[in-house]
Amino acid sequence: MDIQANIKAVLSELPEGVRLVAVSKFHPNEAIEAAYSAGQRIFGESKVQELTEKQLSLPKDIEWHFIGHLQTNKVKYIVPYIAMIHAVDSYRLLAEINRQAAKVNRVIPCLLEIHIAAEESKYGFTFDDCRAMLREGSWRELKNVSVCGVMGMATNTDNEEQVGKEFETLHRFFGELKNDYFLDDDRFKEISMGMSHDYPLAVKAGCTLVRVGSKIFGERNY
Ligand SMILES: *Cc1c(COP(=O)(O)O)cnc(C)c1O
């Protein structure tokens with residue numbers, strides 16, 4: 001694996017305004033260091049324990065993004081340093097992030113995970129649940145989180161038309177939320193979508209963050 005060349009190849013396909021989250025989960029520190037030498041600073045992880053170990057031993061100017069499902073009882077471990085939490089899928093989780101962030105005097109950027117795929121999933125708000133949560137309004141009192149946008153995962157299929165449509169749906173939903181709740185909040189600006197096999201479609205549909213792992217670091221051995 002030539003990690004530096006892979007990073008450059010992916011970056012060359014991203015227009016200005018789209019940032020790369022290099023998804024380094026299950027890959028060792030050496031792989032992250034190789035990407036870091038190529039100038040990459042944003043890394044995505046999905047396990048709290050693994051992230052905690054990496055964060056302790058790797059350069060402090062790395063911007064760590066938590067992209068996986070986050071259990072409320074583990075929020076406290078990452079809140080002191082995490083740069084963004086991508087997959088907030090309940091008010092309860094948002095409130096717990098806020099509670100822990102207040103203790104360390106931080107404001108944590110969070111994205112609302114929206115379920116856009118045709119596949120069944122335990123995770124992610126439905127469009128209606130997300131609307132209901134925002135309409136209810138309690139989130140406005142959470143001063144130690146900032147809701148910065150939405151995140152989604154398309155169906156795992158070769159059908160590009162379907163994947164493209166799902167990404168466009170998420171882009172439209174972002175626009176709806178922006179218009180209804182965040183017009184005067186410049187922090188609400190992120191659409192996190194696109195992985196190794198589908199990020200060009202996400203770019204076409206107007207994402208601002210792509211989360212690319214295996215295309216950079218190679219296959220993971222789970
Ligand atoms: C693992 C993961 C990715 C990256 O997947 P690749 O196919 O390796 O690019 C992106 N997003 C989430 C939420 C993930 O868990």
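## Who surrounds the ligand

For sorting residues here, Ala, Val, Leu, Ile, Met, Phe, Trp, Tyr, Cys and Pro count as nonpolar, Asp, Glu, Lys and Arg as charged, and the others, Gly among them, as polar. With that in hand, the shell around the ligand splits into six nonpolar, three polar and three charged residues. Keep in mind that this is a predicted model.

So which residues are around the ligand? Starting from the low numbers, you'll meet Val23, Lys25 and Ile67, then Met151, Met153, Met195 and Ser196. Arg211, Val212, Gly213, Ser214 and Arg220 complete the list.

## Polar contacts and cover

Some of these neighbours pair up with the ligand through polar atoms. Lys25 brings a polar side-chain atom to 2.6 Å from a ligand oxygen atom. Arg211 also uses a polar side-chain atom, 2.9 Å from a nitrogen atom of the ligand. With Gly213 it's the backbone that takes part: one of its N or O atoms lies 2.8 Å from an oxygen atom of the ligand.

How much of the ligand's accessible area does the protein cover? On its own the ligand has 390 Å² of accessible area, and the protein covers 90% of that. As for pockets, the ligand takes up the space of the largest one.

## A look at Ala9

Now for a residue in a helix: Ala9 is part of H1, which runs over residues 3–12. Is Ala9 buried or exposed? Neither, quite: its relative accessibility is 37%, so Ala9 counts as partly exposed.

Ala9 and Phe43 are 34 residues apart along the chain, and 17 Å separates their C-alpha atoms.

Key. Residues numbered from 1 in each chain as written. Predicted model: local features only at pLDDT ≥ 70, side-chain atom pairs only at ≥ 80, totals over all residues. Heavy atoms only, no water. Near = heavy atom within 4 Å. Polar contact = N/O pair within 3.5 Å; in protein donor to acceptor, adjacent residues only side chain to side chain. Areas by Shrake-Rupley, 256 points an atom, 1.4 Å probe, with all protein chains shown as cover. 1 Å grid on protein atoms, 1.4 Å probe; cavity = no way out; pocket = protein on both sides within 12 Å on 5 of 7 lines; lining within 4 Å. Sits in = over half its atoms within 2 Å of the grid points. Helix = DSSP H or I, 4+ residues; strand = E, 2+ residues; numbered from the N terminus. Buried < 20%, exposed > 50% of the residue type's maximum accessible area, 1.4 Å probe, protein only.
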